[in-house]
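Here is a short report to read alongside your model. Keep the viewer open as you go through the headings.

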Amino acid sequence: MGRRRDVRFVSSGVKLPCASASAPSPPPSRAPAPAPALLTAALPFAHIGRAIDSAARRLGACLPRVPVARADQAPPGPPPPARRHGKDAGGGDEERVLISEVAVRGKDGEPLERPELEAAAAGALRACRPNAALTVREVQEDVHRVVESGLFRSCMPVAVDTRDGIRLVFEVEPNQDFHGLVCEGANMLPSKFLEDAFRDRHGKIINIRHLDRVIKSVNGWYQERGLTGLVSYAEILSGGILRLQVSEAEVNNINIRFLDRKTGEPTVGKTQPETILRQLTTKKGQAYNRAQLKRDVETILTMGIMEDVTIIPQPVGDSNKVDLVMNLVERPSGGFSAGGGISSGITNGPLSGLIGSFAYSHRNVFGRNKKLNLSLERGQIDSIFRLNFTDPWIDGDNKRTSRTVMVQNSRTPGTLVHGGDHPDHGPITIGRVTAGLEYSRPFRPKWSGTLGLIFQHAGARDDKGNPIIRDFYNSQLTASGNAYDDTLLGKFESIYTDSGDHSSTMFVFNVEQGLPVLPEWLSFNRVTARLRQGYEIGPARLLLSASGGHVEGNFPPHEAFAIGGTNSVRGYEEGAVGSGRSYAVGSGEVSCRMFGPLEGVVFGDYGSDLGSGPKVPGDPAGARGKPGSGYGYGVGVRVDSPLGPLRLEYAFNDKQARRFHFGVGYRN
């Protein structure tokens, strides 16, 4: 018996070739563009499929074509051999061959050394069964299945004539046993990742399916972390060594380009390039990380000096490096503005609490993102002049420390503590001249801290602007007994916030210590804390907040904690619940979106001076009959605006008094 030459399939080994490196450049976008085309690669089974398809085409070329004529055109002649069975069941023109026996053997025709491999190859066969009439296509499909099992590098079907009929033998060549791994180019990938993937594979036959899963997991590791990297090449070396080539994109250069905000054409920028570059966490020589670049874009936008930021990655030749081109559109650096607001210290009069303001600001002094703000506010009684100069990041500092120099001259109502109508006296105002220096920096991802030194010269004045030391209840207005108190405050503040959303968690802790550098300067310690926590409950939002504080030492009464009002206990006038050395205020509110920017709110507040009202110098709360504790509840609406939420609320207090409250922005 001899081999049957008219039914023969020869397939070559499967090798995973290197990926192509050509693709068009990605389009610009605000977020970082997709990964460069130099890191695009197919998975192993795509290459396996192409190799098998190529071998299948060779199979078709070497098989004899036996035409099948229609019945009305068939010439007379002898019938076909008995082992051939006409067309296939699908109605095609392929001839069927009756197979009497199917076997799996090694490449040399001998039985495989490992019975489990023979069973795996036999289990992959679907159409090829003993006593079956097969077409060439069905044999091809079974060859596909054997190779796609992942255990064999080649498969060759050979037909052999026997006295019992045609015997179809699948001669397979198994892959090598796994004895080691060489991974090149994976600078970011932890070695333990691949060690775990191949930990139980040593000495076992290399399975292409397992290799495919490993490659997918490696590519997924890069994708989950926003890194641009993947397995671009894989092959089996002699000795059972598996070689993986990983391509990681590396940042080559970062180039800054300023664009005109009207025409979009390149222009000369006012900002110093190093001011932008030091904000970036992405540096030259690092892996190209899309998520990291997105955070860098957001960081630059929060500087407040850029209108738009776009980063475009560009491949560098045939290497795995990319150049980053950063297109920046600058905002106008500064100018004058005018506006208005409401003072919480004035509650009576036809224009109660209205304040007009005028300001000049420059947000990019010297092209280094330094901020200069000069403002003047004026109301019925209020007047505040402020001068602030802020350097958001001190030169030469690697901790992102900011510095603020502040000078302020203010005149504010004293009604929060010393309010109350009297027929012979007008309202009291508190005049302050303040100068200070503060340093702030983040010291953990969600924590920031501030240290400062502030000098304050403060005292009370009557309605004519003259200094006074006692009010119309004969309560003292200064701690020293002089017309003015001088205080040098050391300040520490720590802030925690888990996101910028108002519903998120926020915690603020503040300590101020009066430093008696001179004997007449005040010495006291003040501690305050605020906590806010939001919860999403279906379409509604629950917001809980609490605040409290205590002051110990010699302090002026106008520095007492005032309780009651729009940002404290609603339903009461500003400061009408009490004023004490200590205080605690809690609030809860449920809000729900109604339509458009309109939101409905139900709320409840409670506040207390914790019995500390009489301990304030002069006991201003006791002289005015303040209860020391109280609660309020009510409903309101809010409208989103560029200034923040506009709040209109209607509240009842525990005395059954009713009151409207109007505020701008979120509660403190």
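## Surface and burial

About 33800 Å² of the chain is exposed, with 55% of that area supplied by carbon and sulfur atoms; the areas come from the Shrake-Rupley method with a 1.4 Å probe. Of the chain's 668 residues, 44% count as buried, meaning under 20% relative accessible area (1.4 Å probe, protein chains only).

Please keep in mind that this is a predicted model, where local features need pLDDT of at least 70 and side-chain atom pairs pLDDT 80 or more, while totals for chains, interfaces and linings use all residues. Residues are numbered from 1 along each chain as its sequence is written, and side-chain values use heavy atoms, leaving out hydrogens and water.

## Overall make-up

The chain holds nine helices and 32 strands; these are DSSP runs (H or I, at least four residues, for helices; E, at least two, for strands), numbered from the N terminus. Among contacts (heavy atoms within 4.5 Å) between residues at least 6 apart in sequence, 60% join residues at least 24 apart.

## A three-stranded sheet

Now to one open sheet, whose three strands are ordered E7-E9-E8 with mixed pairing; strands pair if DSSP finds at least two bridges between them. E7 (180-184) and E8 (229-237) are the edge strands, each with a single partner, so one side of each has no neighbour in the sheet. From one strand to the next, the twist averages 20°, with axes fitted to C-alpha atoms and angles running from 0 to 180 degrees between N-to-C directions.

E7 and E9 (residues 241-248) run parallel, joined by five bridges. Leu-181 has Leu-242 in E9 as its bridge partner. Helix H5 (residues 208-224) packs on this sheet and touches E8 and E9, its direction making about 155° with that of E8; for helices, the axis is fitted over the stretch in contact.

Methods. Buried < 20%, exposed > 50% of the residue type's maximum accessible area, 1.4 Å probe, protein only.
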